[in-house]
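Please look over the enclosed space, the open pocket and one loop residue of the structure shown below. The report takes these topics in turn.

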Amino acid sequence: MTETAQLGVLNTEGTLTTEQVTGITRASNYGTWRIQKTWKPMHVVDAEGCYFIDAAGKRYLDFSAQLMCVNLGHKNPRVIESIAEQARELPYIAPGYATTSRAKLSQKLLELLPSGLEKFFFATSGTEANEAAFKIARMYTGKTKIISRYRSYHGSTTSSISSTGDPRRWAMEPSGKAPGHIFAPETNCYKCPIKHSYPECGIACADYIEHMIANETDVAAIIVEPIVGTNGVLVPPPEYMPKLKAICEKYGVLFIADEVMTGWGRTGKWFCVDHWGVKPDILVTAKGITSAYVPLGLCATTRAIADYFEENYFAHGHTYEAHPMTLGPAVATIEEMERLNLVGRAASLEPYVREKLEALKEKHPSIGDVRGKGLFWAVELVKNRETKAPFNTMADKVSGAPLVVDQVAAKMMGMGVAQQAWVSHFVIAPPLIVTEAELDFGINALDEALSLADALVE
């Protein structure tokens with residue numbers, strides 16, 4: 001009998017113990033984006049509101065909404081009921097058919113998306129939606145190259161990982177990297193990759209991209225996260241997105257907004273591009289569209305792009321496209337967000353979070369920068385404020401070296417706060433239903449845990 005099989009023997013009550021659950025998971029499943037020997041998954045048995053609960057009954061404040069996706073909070077009764085309703089009505093039909101849930105969600109999207117986005121492809125993840133966006137851009141333009149930025153994440157399949165700038169791409173090279181993907185500098189006013197200073201720079205990072213387009217051939221599109229997500233919650237200056245969109249229009253390059261993480265109220269607008277009045281040619285989103293209760297991704301295009309395919313073959317699709325079980329709950333999620341005014345709530349809590357995090361920065365020498373919009377924030381750690389040198393690098397992450405942010409996050413976990421950490425920063429992005437008291441609890445835990453980082457400052 002294998003080790004996994006031995007672990008799976010039921011006890012006298014016919015259930016698995018926590019030790020068995022974690023053991024089977026660890027032995028028979030891959031832990032993603034990590035070296036396997038360090039993976040020790042927690043057995044989670046319940047979640048409600050802004051908290052999840054382990055098998056021992058301990059509650060954890062979900063301070064990053066899992067993977068920045070449970071915007072509505074856990075176990076919203078209306079969304080849960082919508083899943084059951086859809087299962088009773090129509091659990092599956094092939095994507096070539098029309099369904100009521102598909103029509104209702106399409107109507108909602110036409111109301112809420114930036115104006116001009118009028119035709120939709122429904123996938124089951126942000127990764128798949130980005131793959132669709134790349135294919136559509138290439139079919140429509142007849143061109144090949146996609147420009148993305150070094151500090152970016154666009155997914156894990158071949159084209160989407162090829163457009164990803166962070167170290168999750170490195171292990172796939174060279175054989176797994178798709179051709180036609182090229183990288184530009186990110187917008188990072190705290191630590192500019194091209195050694196400029198805002199506002200004197202005149203948005204040189206956008207000028208750099210224009211130079212790339214002018215000197216490359218065959219550029220179909222540029223894809224950007226309006227605010228970079230896991231790679232640091234990098235908020236661009238207000239002139240950046242309008243300037244980049246104007247450059248795209250000048251050269252006939254499609255502008256793809258990857259709103260997988262920033263969409264659905266996270267930044268205090270329904271979509272992040274709404275902060276600057278920018279209208280993408282293609283918008284991709286996922287995560288908050290169903291609050292992650294069921295897997296759904298969306299690729300939305302303009303009417304001009306849609307009209308091209310009236311007479312040209314649309315060469316994309318898959319079995320789970322427009323799956324009814326994903327579409328019905330999306331409608332319920334949006335209606336709950338509207339009922340609870342969660343977009344307005346995220347905007348109204350921004351000053352509160354900003355004040356609290358700025359106070360932490362004054363107190364802790366290990367904090368180099370805090371930045372964010374709405375309920376989407378980063379706290380960046382440095383070992384030296386003058387040089388802005390981080391405690392760890394991307395290479396450390398890939399090699400499995402111990403990270404300071406992981407040590408701080410582990411201490412927070414012990415205090416009942418689950419905090420997402422990535423290389424040298426934390427992503428603070430709680431469910432949009434979070435209260436000021438819960439924000440205080442999470443930030444106070446970070447305050448206490450940062451003593452670990454402060455002790456390592458040079």
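## The enclosed cavity

In this predicted model, one cavity of 30 Å³ or more is present, and the space within the largest cavity comes to about 110 Å³. Its lining is made up of 16 residues, among which N188, C189, C192, C201 and C205 are the closest to the centre of the cavity. By residue class, the lining of the largest cavity consists of 11 nonpolar residues, four polar residues and one charged residue.

## The second largest pocket

The second largest pocket holds about 440 Å³ of space and is lined by 21 residues, with R151, E186, N188, K191 and E380 lying nearest its centre. The lining of this pocket comprises eight nonpolar, seven polar and six charged residues. N188 is thus named in both places, being one of the residues closest to the centre of the largest cavity and one of those nearest the centre of the second largest pocket.

## The loop residue T230

T230 is found in the loop that runs between β7 (219-224) and α9 (240-251). With a relative accessible area of 12%, T230 counts as buried, because the cut-off for that class is under 20%.

Leaving aside residues up to four places away in sequence, T230 touches M68, Y153, R168, M261, W422, H425 and V427. With one of these neighbours, R168, the contact is also polar, since the side chains of T230 and R168 are joined by a polar contact of 3.0 Å.

Terms used: Residues numbered from 1 in each chain as written. Predicted model: local features only at pLDDT ≥ 70, side-chain atom pairs only at ≥ 80, totals over all residues. Heavy atoms only, no water. 1 Å grid on protein atoms, 1.4 Å probe; cavity = no way out; pocket = protein on both sides within 12 Å on 5 of 7 lines; lining within 4 Å. Points joined across faces, edges and corners; volume = space filled by probe spheres on them. Nonpolar A, V, L, I, M, F, W, Y, C, P; charged D, E, K, R; others polar. Helix = DSSP H or I, 4+ residues; strand = E, 2+ residues; numbered from the N terminus. Buried < 20%, exposed > 50% of the residue type's maximum accessible area, 1.4 Å probe, protein only. Polar contact = N/O pair within 3.5 Å; in protein donor to acceptor, adjacent residues only side chain to side chain. Contact = heavy atoms within 4.5 Å.
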